[in-house]
Structures are given as C-alpha cells and as structure tokens.
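Here's a quick walk through the salt bridges of this protein, followed by a look at its largest pocket. Have the structure open as you read.

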Amino acid sequence: RQTGTVETDAEKHDVEYLTPISIGTPPQDLIVDFDTGSSDLWVFSTEMAAKDIKGQAVYDPNNSSTSEKLQGSTWQITYGDGSSSSGDVYLDTVTIGNLTVPNQAVEAAKKVSDEFTDDPNNDGLLGLGFSSINTVQPTPQNTFFDNVKKNLDTPLFTTDLKHGAPGSYNFGYIDPAAYIGNISWTPVDNSQGFWGFTSPGYAVGTETLRNHSISGIADTGTTLLLLPKSIVKAYYSEVQGAQYDSSQGGYVFPCSPTPPDFVFGVNNGIVTVPGDMVLYAPIDSANQNCFGGIQSDTGIGFSIFGDVALKTSFVVFDAGGLQLGWAAK
Ligand SMILES: CC[C@H](C)[C@H](NC(=O)C[C@H](O)[C@H](CC1CCCCC1)NC(=O)CCNC(=O)[C@H](Cc1ccccc1)NC(=O)N1CCC(N)CC1)C(=O)NCc1cnc(C)nc1N
C-alpha cells in the first residue's frame, strides 16, 4: 500500500497551479496542470508542429523504451474557456512524486489551440475527474488516479492550494497537519464525470447563512469561483463601487478597501473565502481597480468552485466514499 505527495506551484495571480510529473524510460520531466474538472492526461509532444510549441517541454514517445502506441486511438478535448487540443495515445510509465503507474494512457498532442501555445509554463493537463468523461476514442482510458488508487492506502487525494505559494496534492492519505478543526463532508454527484456537490447556502460578510442551494463542481482547473448570477449580484451589492464591466467580462471594483468575505455552506459546516481572496487581480497598472474572484456561472449549467474557493481550504476528494471533505487551514 502506498501514499504520495507532490508540490504544486501557483502561477502569477494563482491563475493555475503547475505540478511536475515524469513520463517514460528514461523519465521525461514535464510540468502540467492538475485538473479535477477534466479526465484526460495529455501533454505537448514531438508530434506537434514546431510553430505550436513556445517554450513548453514535450513528450517524445520514440525516446522512451516503455512507450507503446495505442493503435487506432485518438482524443480531442475542448474546455470551458474555449481552448482545445487533440492527438493520439501511448501507454507509458507515469510517475508523480513516489507513485508510479506502469501503463498509463498518455495522450500525445498533435494540435493545441493558441491558449496553450501562449502559456509557456504549462506542458499539458493531468485530469483528476472521473474516467467516464475521458475523451479517448474508440475506448476511453483511465485517469492516473483511477489507475493508482488500488495501490493507495485509501482511494482518495487531497488538495492544499495556496495563495501565491506552493501547495500540494497528496494521494492515499489525509495529512492531519494540513488542516485545522473538523472536515465537513458532503456527498459527490459524479453523474457528469465531475466532483459535483450541492452547497446549502451562502452569506456575505458576517451575516447569517441564507438558504439557497448551490449545485456545482470542485474544479482545480478553473481559476475563479463561478456562482449563480443572483448570488453574485447580492455579493457585489455590498462592495463599494463594484460594477459589471463588459470590457473586462466581469465585475470589477476598487482594490481598496478589502471587500467582504464570502461564505458558502458544506453540509452543516461553512467555508469562508476571505475578502482579500475575492480581489482576484488588478486590472490597471495603478492597481486602482480589481477584477473580482467571484463571477457569474451563466451559461455553464452549474457553479464552479474553482481555485479562489479551493485555496481557502484543505479539500479531500474521496472516490471510496464518493464524498468531498472541506476543512479550514
Ligand atoms: C471533457 C471536457 C472537460 C470536462 C472540460 N472541462 C473544463 O472545461 C473544466 C476544466 O477545469 C478547464 C481546465 C482549464 C482549461 C484551459 C487550461 C487550464 C485548465 N477549466 C476551464 O476551462 C474553466 C475556464 N477557464 C479558466 O478558468 C481559465 C483557466 C486557465 C488558467 C491558466 C491559463 C489558461 C486558462 N482561467 C480564466 O478563465 N481566468 C484566469 C485569467 C483571468 N484574467 C480570468 C479568469 C469541459 O467541461 N468541456 C466541455 C466544454 C466545451 N466547450 C465549452 C465552451 N465549454 C465546455 N464546458
């Protein structure tokens, strides 16, 4: 039985969290975005056109004695922000921290959209969603977590994302030193392949929790906290000078004073997003106005508890009990 831990680094404004993995024999090191909102492990590769690679590390299956082409298999994925990628598939050894999966499906990119080409720090994605939404055809493949979980002490992983500091992903154990107080547990709805759950309500600042159920997903691959429009309006109605700025594509407000906290319920517990985490990033060089970390989920069909929500907590993604655990830290 094993457990594992790996450090993840926050990029500027915590826009994404990048984590080292190694693929093949001898090991090829890449840095990828662990994404609980998708279920493909895909990487930049030597099969791409040179013009689409700008600084990223690439996987070369021909340089790995353990790679084996999954004949006839292809993949194609599109993400919520409209970015996309596609390619073919190899089985190869993948190591994360001290955990190794010998025959992991590694999806080698042949094409990536400009958003990926223009993000030099990110060599690919490692999906930690449910394998039911893996895009490989004709036979969908398992995620790294699904392949490794039989070797883990217990089939779960935890996230400890931080504001502008390295965080960690742990596999197979709950580190008691990583959180304070009790863990609030809530059932997971994985029918859409996501880590879905329903929050019973929310509060702005110090007011009492309002009963308003919020159904959403815990998604490390989404930067912001995307909530129903009515809740977003209620929040920003209590932020001085807040307004919807269509040119920015969301609510903006003066960077000072610090806006009120946002609280959401998890079962009979609560998670507090401190006001200074709602200050997502300045939109002007004078740092006068800030883009909000809480925005509307309009058009998505569910809310997304992205990094702005996750980095306030220690979160347990428990596939055994099909439950999410949230704790303060
Ligand atoms: C199997 C597909 C899989 C399930 C897919 N899952 C997702 O899209 C969620 C997933 O977590 C992806 C993972 C991203 C993809 C881009 C690269 C970084 C990771 N999340 C999103 O797309 C959420 C929206 N995007 C984001 O949150 C990106 C993430 C990002 C970070 C750094 C660099 C580039 C992008 N960041 C931002 O939008 N912001 C950061 C910058 C700030 N100025 C604005 C906010 C899906 O739902 N696809 C269906 C789908 C298709 N087409 C559309 C239009 N929408 C869709 N939902």
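A salt bridge here means a side-chain nitrogen of Lys or Arg within 4 Å of a carboxyl oxygen of Asp or Glu. Keep in mind that this is a predicted model, where local features need pLDDT of at least 70, side-chain atom pairs count only at pLDDT 80 or more, and totals for chains, interfaces and linings use all residues. Residues are numbered from 1 along each chain as its sequence is written, and side-chain values use heavy atoms, with hydrogens and water left out.

**Salt bridges**

Searching the whole structure turns up eight salt bridges. Three of them are set out below.

| Pair | Closest N to O distance |
|---|---|
| Glu 207 and Arg 210 | 2.6 Å |
| Lys 162 and Asp 160 | 3.3 Å |
| Lys 69 and Asp 88 | 3.6 Å |

What does the Lys 69 and Asp 88 pair tie together? Lys 69 sits in strand E5 (residues 68-78) and Asp 88 in strand E6 (residues 84-96), so the bridge connects parts that are 19 residues apart in sequence. (Strands, E, are DSSP runs of at least two residues, helices, H or I, of at least four, and both are numbered from the N terminus.)

How accessible are these residues? Buried means under 20% relative accessible area, exposed means over 50%, and partly exposed is in between, using a 1.4 Å probe and protein chains only. Asp 88 is buried at 6%, while its partner Lys 69 is partly exposed at 34%. Likewise, Asp 160 is buried at 8% and Lys 162 is partly exposed at 32%. In the remaining pair, Glu 207 is partly exposed at 28%, and Arg 210 is partly exposed at 31%.

Asp 160 and Lys 162 also belong to a network of salt bridges that takes in Lys 329.

**The largest pocket**

A pocket is an open set of points on a 1 Å grid over the protein atoms alone, where a 1.4 Å probe fits, with protein on both sides within 12 Å along at least five of seven lines; lining residues have an atom within 4 Å of a point. The largest one holds about 1,100 Å³ of space, a volume filled by probe spheres set on the points.

Its lining has 35 residues, with Tyr 79, Gly 80, Asp 81, Gly 221 and Thr 222 nearest the centre. Strand E3 (28-35), E5 and helix H1 (114-117) each give two or more residues to that lining. By type, the lining splits into 15 nonpolar, 11 polar and nine charged residues, with Gly counted as polar and Tyr as nonpolar.
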